[in-house]
Amino acid sequence: MFRKRPAPDSEELLHRLATLTTRARELAELRRSQVELAIALQRDMLPADLPVIPGFHLAARYAPAYAGLNVGGDWYDAFLLPDGRVGLSVGDVQGHAIDAAAFMGQVRAGLRALASVTGDPGDLLARTNDLVLSLGKDLFATCTFMRFDPATGVMESARAGHIPCVWATADGKAGVSDDEGGPPLGVMGGVEYPVTRYRLALGGVFVLLTDGVVEGPALSIDDGLRRVVRLAGIAAVAGMDAPALAAAVLKNAELVGHDDDAAVLVVGHDTRAVPS
């Protein structure tokens, strides 16, 4: 014979429900606080201002992910190099929340510091890769670094596992950069990163971005890149300024239905980019 356990009375049920509700609320508050902290940390590490270059325009846009703890480690950066050229970078740390945001700050700061030693994009990524490996973290980052010479319009590019850039010219040509690239930063040592040269022609644009802009549940990365190519081509022909194009490209991320961070960095020449 088995006895039935007595059913808990209504007061005990209410007490259990209240306890569970309180725990759920505390957990939700903790997660929201973590997300808010990661966003604040990430925004604080992004540059407050971009360099002013006569005859050229730089513009950036960034949107954090708000789905759960998906705030990641996307970044953009632009800064003057010792020789008068301009360093441009975008990147994406694998992982989410506070760890990814903090790691992003380390990688971005490392790029800036090493750029004072070597401005060559391939050498810079190789040195940054060694630096990231020395940190001993279980994280890695993808990155594109460009060295831009305003005097000649030449852009030297190296990629570490990152998605390609988009270029467009004032005569209506547009496409995706075809540089070879290498593995992400922090994956393996002794890596070389090939350098590809482009020329930012009068009226041309170059768009550096992270995968949150072009990839999501509603769109493949190839289709997303095609959208950005089309936007860049229209902007170059119409003479759209860099801030307007950056805003339009970031708007594309909403159409993608991105659940990741999205960062865009646009370089425009007042009438715009083609491979040399």
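Phenylalanine 79 and phenylalanine 145 are both buried in this predicted model, where buried denotes a relative accessible area under 20%, exposed one over 50%, and partly exposed the range in between, evaluated with a 1.4 Å probe on protein chains only. Because the model is predicted, local features are reported only at pLDDT of at least 70 and side-chain atom pairs only at pLDDT 80 or more, whereas totals for chains, interfaces and linings use all residues. Residues are numbered from 1 along each chain as its sequence is written, and side-chain values rest on heavy atoms, with hydrogens and water left out.

A pair of aromatic rings is described by the distance of the centres and the angle of the planes. Rings of Phe, Tyr and Trp (for Trp, its six-membered ring) were taken to pair if their centres lie within 6.5 Å, with planes under 30 degrees apart classed as stacked, over 60 as edge-to-face and the rest as tilted. Under this criterion three aromatic pairs are counted. For phenylalanine 56 and phenylalanine 148 the ring centres are 4.9 Å apart and the planes stand at 80 degrees, so this pair is edge-to-face. Phenylalanine 56 belongs to the loop between helix 1 (10-45) and strand 1 (57-63), while phenylalanine 148 belongs to strand 4 (residues 141-149), and the pair thereby links distant parts of the chain, 92 residues apart. Both phenylalanine 56 and phenylalanine 148 are buried. The pair of phenylalanine 79 and phenylalanine 145 is tilted, with 6.3 Å from centre to centre and 45 degrees between the planes; it joins strand 2 (residues 75-80), which holds phenylalanine 79, to strand 4, which holds phenylalanine 145, across 66 residues.

Strand 2 also contributes to a polar contact, since aspartate 77 lies in strand 2 and arginine 108 in helix 2 (residues 97-115), so that the pair ties together parts 31 residues apart in sequence. The side chains of these two residues, aspartate 77 and arginine 108, form a salt bridge at 3.2 Å, N to O, a salt bridge being a side-chain nitrogen of Lys or Arg within 4 Å of a carboxyl oxygen of Asp or Glu. Aspartate 77 and arginine 108 are both buried. In total, nine salt bridges are counted.

A further salt bridge connects arginine 85 and aspartate 83 at 2.8 Å, N to O; arginine 85 is partly exposed at a relative accessible area of 22%, and aspartate 83 is partly exposed at 45%. Arginine 197 and glutamate 156 form another, at 3.0 Å, N to O. Here arginine 197 lies in strand 8 (residues 196-199) and glutamate 156 in strand 5 (residues 154-160), so the pair ties together parts 41 residues apart in sequence. Arginine 197 is partly exposed, with 43% relative accessibility, whereas glutamate 156 is buried, with a relative accessible area of 7%. Through salt bridges that share partners, Asp83, Arg85, Arg147, Glu156 and Arg197 are joined into one network.

The protein chain as a whole contains five helices and 11 strands, assigned as DSSP runs (H or I of at least four residues for helices, E of at least two for strands) and numbered from the N terminus. Of its 276 residues, 49% count as buried. Within helix 4, the buried residues include Gly224, Leu225, Val228 and Val229, and just after this helix glycine 239 takes a positive phi of about 70 degrees.
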